Amino acid sequence: MVLRMLIFLILFQNLLGTQQARSFTELNENKDPGEDTKNWVDSWVAPDVVKHKFLYYISGYDYDGRPILVLPWGNWDTRTIVEKGGENVQNLEKYFDQLVQRILRGAFTRPSNNETEDIPVSDELVVIVDFDDLNLRQITLPENFRFLVKNVAKINLCFEKIAYGFAINVNSVAAQMMEVVRPTLARFLEKVNVYGTITSFWKPILLKTLPADQLHPAYGGPKDFRPVKVYG
């Protein structure tokens, strides 16, 4: 209860001052994918301090050829960036925008070739959001909590591109934060099954739904697992 009240107070304090804020992605969500957007998404490279600490990856493909996008958000230490301030805050926000634009444009779609010609090509994807290691430090700085609410909510714009997904290792901090931002993430959460920190519960579900050899060992995959591509 104390944790929930703390989060609500921080959220209320910060959202009052950001009602008019609109991200690059939000400003472009109803536009045709013009050349300017295409160019920056393909060519922009985040500085090392961002890309090396905020990794995400395509682990493989599901049984219908959809890419499996893994977002280890629990390990994303946004607070360190936000506390220091400066241009890297804008770079990290642009990094979120780039991720969203990649999803919207189908950039993770499995390439068609002779080996995969019998597997249907889909611009939908599967998402695994891993909140492992998320802690109170990330949400007790008001500026960082505002940053998280604003930028994590952008994933809601990708609702139609997500076939299904899993939120795993949802500890008490993650659960309370998700409850607070649920109205903002409503469409996204309709596609995602939420599981706690008991791996013996959610791991068999992942292995029943997704090919084991397409998953990281932490999710039940083989020890010699290699992701298709790591971004960052």
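Select V126 to begin: with a relative accessible area of 0%, this residue is buried, and the model in which you are viewing it is a predicted one. V126 is found in strand β3, and if you display its surroundings, leaving out residues up to four places away in sequence, you will find that it touches D62, R66, P67, I68, L69, Y164, F166 and L210. Now add V70 to the selection and draw the C-alpha to C-alpha line, which spans 8.5 Å in space although V126 and V70 are 56 residues apart in sequence.

From here, widen the view to the sheet. Six strands form an open sheet, which reads in the order β5-β4-β3-β2-β1-β6 and has mixed pairing. At the edges stand β5 (192–194) and β6 (229–231), each with a single partner strand, so that one side of each is left without a neighbour in the sheet. Looking from one strand to the next, you should see a twist that averages 20°.

Next, select β3 together with β4. Strand β3, residues 125–130, pairs with β4 in the parallel sense over six bridges, and a useful marker within this pairing is I128, which stands opposite F166 in β4. On to β5: three bridges join β4 to β5, and these two strands also run parallel, with A167 standing opposite V194 in β5. How many of the seven residues of β4 are buried? Five of them are, so β4 is largely enclosed by the rest of the structure.

Step back along the chain to K161, which lies in the loop between α7 (142–152) and β4 (162–168). Is this lysine buried or exposed? K161 has a relative accessible area of 18% and is buried, a value that falls under the 20% cut-off used for that term. Show the side chains of K161 and D123, which make a polar contact at 2.7 Å. Apart from neighbours within four places in sequence, the residues in contact with K161 are I103, L104, D123, E124 and L125.

Now colour α6 and α7. Helix α6, residues 87–104, packs against α7 at an angle of about 25°, and the two axes are 10 Å apart. That angle makes α6 roughly parallel to α7, and the crossing in which α6 passes α7 is right-handed. To inspect where they meet, select V89, L92, E93 and F96 in α6, and then F147, K150, N151 and V152 in α7.

Keep F147 and L92 displayed and add T78, whose place is in helix α5 (residues 78–84). T78 is buried, with a relative accessible area of 1%. Its side chain is joined to that of N144 by a polar contact of 2.8 Å, and, not counting residues up to four places away in sequence, T78 touches F54, L92, Q138, N144, F147 and L148.

The last stop is helix α8, residues 172–181, where seven of the 10 residues are buried, so that this helix is largely enclosed by the rest of the structure. The buried residues to select in α8 are V173, A174, Q176, M177, M178, V180 and V181. Finally, move to the N-terminal end of α8, which is capped by N171: one of its side-chain oxygens lies 3.2 Å from the backbone nitrogen of V173.

Definitions and conventions. Residues are numbered from 1 along each chain as its sequence is written. This is a predicted model: local features need pLDDT of at least 70, side-chain atom pairs count only at pLDDT 80 or more; totals for chains, interfaces and linings use all residues. Side-chain values use heavy atoms; hydrogens and water are left out. Helices (H or I, at least four residues) and strands (E, at least two) are DSSP runs, numbered from the N terminus. Buried means under 20% relative accessible area, exposed over 50%, partly exposed in between (1.4 Å probe, protein chains only). A polar contact is a pair of N or O atoms within 3.5 Å; within protein, one must be able to donate a hydrogen and the other to accept it, and residues adjacent in sequence count only if both atoms are side-chain atoms. Contact means heavy atoms within 4.5 Å. Two strands pair if DSSP finds at least two bridges between them. Axes are lines fitted to C-alpha atoms, for helices over the stretch in contact, and angles run from 0 to 180 degrees between N-to-C directions. Angles under 35 degrees count as roughly parallel, over 145 as roughly antiparallel, 65 to 115 as roughly perpendicular and the rest as oblique. A crossing is left-handed if the near helix is turned anticlockwise from the far one by less than a right angle, and right-handed if clockwise.
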